[in-house]
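Thanks for making the time this morning. I would like to walk through one model with you, starting from its sheet and ending with its aromatic rings, so please have a look at it first.

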Amino acid sequence: MISGAVVNVLDFGADPSGLTECSANIQAAIDSLHSTAVGRKGGTVFFPTGTYLISSPLTIVPGITGNATTTSLVGEDRSSTTIKWSGVSAPANGMIVCTDYSIYANGGAVWQNFALNGNNVATREIGRAHV
């Protein structure tokens, strides 16, 4: 379910071909949902059909108020949208990381309609870290 502000990773330069590393592009899309400049406190990052290579974990942080906010990562379709690890070594805390456990525990982080591919390196796909 998509609600609130919606950003498309393609608008941030992510390449769905599976040939180009997209960590910074996707992270910029996530971060834009928490921009104090536009008063955003969460929303949805949309991934159209494709394969998106990442070599650094995607990080979801608390909203600008410090409270858990809904941040959704939504693919077009699980069978045609993949986030794939391209790093040399496994990420310490997972491919997607919530920096505040309350975001995940209180239903404030939703991931749906895409596949995660650890590329036989990243065995921990979803994680949490306290920063």
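How many bridges join β2 to β4, and do they run parallel or antiparallel? The two strands are joined by 2 bridges and run parallel, where strands are DSSP runs of E with at least two residues, helices are runs of H or I with at least four, and both are numbered from the N terminus. Before I go further, a word on the basis: this is a predicted model, in which local features need pLDDT of at least 70 and side-chain atom pairs count only at pLDDT 80 or more, while totals for chains, interfaces and linings use all residues. Residues are numbered from 1 along each chain as its sequence is written, and side-chain values use heavy atoms, with hydrogens and water left out.

For orientation, the protein holds 2 helices and 11 strands, and along the sequence they follow the pattern β-β-α-β-β-β-β-β-β-α-β-β-β. Of its 131 residues, 41% count as buried, meaning under 20% relative accessible area, with exposed being over 50% and partly exposed in between, for a 1.4 Å probe and protein chains only.

Let me return to the sheet. It is an open one of 4 strands in the order β2-β4-β7-β10, with parallel pairing, and two strands are said to pair if DSSP finds at least two bridges between them. Its edge strands, each pairing on one side only, are β2 (17-21) and β10 (115-117), and the twist from one strand to the next averages 20 degrees. Within this sheet, E21 stands opposite L53 in β4; β4 is in turn joined to β7 by 5 parallel bridges, with T51 opposite T82 in β7. On the other side, 3 bridges join β7, residues 81-85, to β10, again in parallel, and there T82 has A115 as its bridge partner.

Strand β4 deserves a closer look. Since 4 of its 5 residues are buried, β4 is largely enclosed by the rest of the structure. Helix α1 (residues 23-32) lies across β2 and β4 (50-54), running at about 100 degrees to β4; that angle is taken between N-to-C directions, on a scale from 0 to 180 degrees, using axes fitted to C-alpha atoms, for helices over the stretch in contact. I54, which lies in β4, is buried with a relative accessible area of 0%. Leaving aside neighbours within four places in sequence, I54 is in contact (heavy atoms within 4.5 Å) with residues including E21, I26, I83, W85 and M95. I54 and I83 are 29 residues apart in sequence, yet 7.1 Å apart in space, C-alpha to C-alpha.

Finally, the rings. There are 2 aromatic pairs in the structure, where rings of Phe, Tyr and Trp (its six-membered ring) pair if their centres lie within 6.5 Å, planes under 30 degrees apart being stacked, over 60 edge-to-face and the rest tilted. F47 and Y52 have ring centres 5.4 Å apart and planes at 75 degrees, so this pair is edge-to-face. F47 and F114, with centres 5.9 Å apart and planes at 40 degrees, form a tilted pair. That second pair links distant parts of the chain, 67 residues apart, with F47 in strand β3 (residues 43-47) and F114 in the loop between β9 (109-112) and β10. Ring pairs thus link F47, Y52 and F114 into a cluster; F47 and Y52 are buried, and F114 is buried as well.
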